Amino acid sequence: MNDDPRTDVSGSSLANYLLEKGLDGLGPISGAASLASEYLIDESYANDDARVAALTKWETAKNFTTGFVTGLGGFVTLPLAVPSALAASWVLQARMVGAIARIYGHDLDDARVRTKILLALAGDVAKDAMKDLGLKSGDRLTQRAVDQIPGRALVEVNKRIGTQLFAKAGQRIALRFPRAVPVFGGVVGGSLDAVVCRKVARTAKMLFRPPAGGVIEGGVRLAPERKARDRR
């Protein structure tokens with residue numbers, strides 16, 4: 001466990017930044033709720049799983065071309081020494097995860113939902129963060145494991161996730177190094193972002209998708225199955 005207060009501050013700053021910019025939007029990039037609404041109002045989708053699949057496809061394509069996002073402005077305000085391209089990738093992924101949560105009926109203002117967003121974004125790093133706090137997640141993150149985290153520990157979990165992301169940033173930067181090579185570098189960097197984005201989306205679906213026929217307790221939207229029964 002890292003007891004350096006400077007690292008804790010960095011972790012908290014990064015976690016708060018990703019939640020704020022990913023969920024509320026950044027410059028011309030709309031927030032997670034607005035993104036989700038684009039899919040929720042479209043009745044051409046058979047169900048919410050189809051909406052999430054379409055959302056994942058398009059957001060993955062955006063992550064492949066994150067270079068354009070860094071030119072939109074706003075990333076200069078990042079409170080940490082994280083390259084703008086990596087910050088852009090994280091923000092887009094946090095926005096996507098928030099939209100997935102909203103499509104499945106979750107309240108984006110709920111503290112536990114926001115922690116789940118960070119956990120989905122962090123992937124394997126999230127398990128390290130939970131382990132640091134003595135929280136068990138097993139071989140993979142599950143709704144049940146996260147729901148058992150004490151409410152008082154959520155802020156600390158968020159901070160640890162940010163700390164782990166910040167610590168692992170160097171590895172992501174090294175993998176993205178070929179970007180310095182024209183064309184080839186862009187393909188390598190974009191492919192890495194796309195692969196990570198798809199993995200994040202899978203984790204988000206696992207954390208937010210309600211059981212078959214289920215309804216999110218305290219959620220903001222009834223599952224299609226429940227709405228169908230109510231109309232009978």
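This is a short talk on the helices, confidence, salt bridges and a few selected residues of one predicted model.

Hi everyone, thanks for coming. Let me start with the overall picture. The model is predicted, and the protein chain holds eleven helices and zero strands. Reading from the N terminus, the order of elements is therefore easy to remember: α-α-α-α-α-α-α-α-α-α-α. The chain has 232 residues, and 48% of them count as buried. Its accessible surface is about 11500 Å², with 55% of that belonging to carbon and sulfur atoms. If you take the contacts with a separation of 6 or more, 70% of them are between residues 24 or more positions apart.

Now, confidence, before anyone zooms in. The mean pLDDT of the chain is 74, and 59% of the residues reach 70 or more. Which elements sit at the two ends of the scale? Helix H2, residues 32-40, has the highest mean pLDDT at 96, while H11 has the lowest at 40. Two stretches deserve a flag. Residues 177-188 have pLDDT below 50, and this stretch has twelve contacts in the model beyond near neighbours in sequence. Residues 222-232 are also below 50, with nine contacts of that kind. Where pLDDT is low, the predicted coordinates should not be read in detail. Please keep that in mind if you plan to look at those two stretches.

On to the charged side chains. Side chains of opposite charge can pair when their charged atoms come close. How many salt bridges does the model have? The count comes to seven, and I'll walk you through a few, beginning in helix H3.

Arg-51 and Asp-48 form a salt bridge through their side chains, at 3.0 Å from N to O. They are three residues apart in helix H3, which covers residues 48-64, so about one helical turn separates them. Are these two buried or exposed? Both Arg-51 and Asp-48 are buried.

Right beside that pair in the numbering is another one, Asp-49 with Arg-209, whose side chains meet at 2.8 Å, N to O. What does this bridge connect? Asp-49 lies in helix H3, whereas Arg-209 lies in the loop between helix H10 (184-208) and helix H11 (224-230), so the pair ties together parts that are 160 residues apart in sequence. In terms of exposure, Asp-49 is partly exposed with a relative accessible area of 22%, and Arg-209 is partly exposed too, with 34%.

Next stop, helix H9, residues 154-175, where we find Lys-159. Lys-159 forms a salt bridge with Glu-156, with the closest N and O atoms 3.1 Å apart. Here again the partners are three residues apart, this time in helix H9, so about one helical turn lies between them. Why does Lys-159 count as buried? Its relative accessible area is 17%, and the cut-off for buried is under 20%, so Lys-159 falls on the buried side. Glu-156, in contrast, has 23% and is therefore partly exposed. The picture extends a bit further, because salt bridges with shared partners join Glu-156, Lys-159 and Arg-160 into one network.

Let me turn to aromatics. A pair of aromatic rings is described by the distance of the centres and the angle of the planes. The count here is one aromatic pair. That pair is Tyr-39 with Tyr-45, at 6.0 Å centre to centre and 35° between the planes, which makes the arrangement tilted. Tyr-39 has 8% relative accessibility and counts as buried, while Tyr-45 is partly exposed at 23%.

My last residue takes us back to helix H3, where Thr-60 is found. Thr-60 counts as buried, at 8% relative accessibility. Where does its side chain reach? The side chain of Thr-60 comes to 2.7 Å from the backbone oxygen of Thr-56. Leaving aside residues up to four places away in sequence, Thr-60 touches Ala-194, Cys-197 and Arg-198.

So, to recap what I'd like you to take away: eleven helices and zero strands, seven salt bridges, and one aromatic pair. And one last reminder for the modellers among us: residues 177-188 have pLDDT below 50, as do residues 222-232. Thanks for listening, and I'm happy to take questions!

How values were computed: Residues numbered from 1 in each chain as written. Predicted model: local features only at pLDDT ≥ 70, side-chain atom pairs only at ≥ 80, totals over all residues. Heavy atoms only, no water. Helix = DSSP H or I, 4+ residues; strand = E, 2+ residues; numbered from the N terminus. Buried < 20%, exposed > 50% of the residue type's maximum accessible area, 1.4 Å probe, protein only. Salt bridge = Lys/Arg side-chain N within 4 Å of Asp/Glu carboxyl O. Contact = heavy atoms within 4.5 Å. Areas by Shrake-Rupley, 256 points an atom, 1.4 Å probe, with all protein chains shown as cover. Phe/Tyr/Trp six-rings, centres within 6.5 Å; stacked < 30°, edge-to-face > 60°. pLDDT = per-residue confidence, 0-100. Polar contact = N/O pair within 3.5 Å; in protein donor to acceptor, adjacent residues only side chain to side chain.
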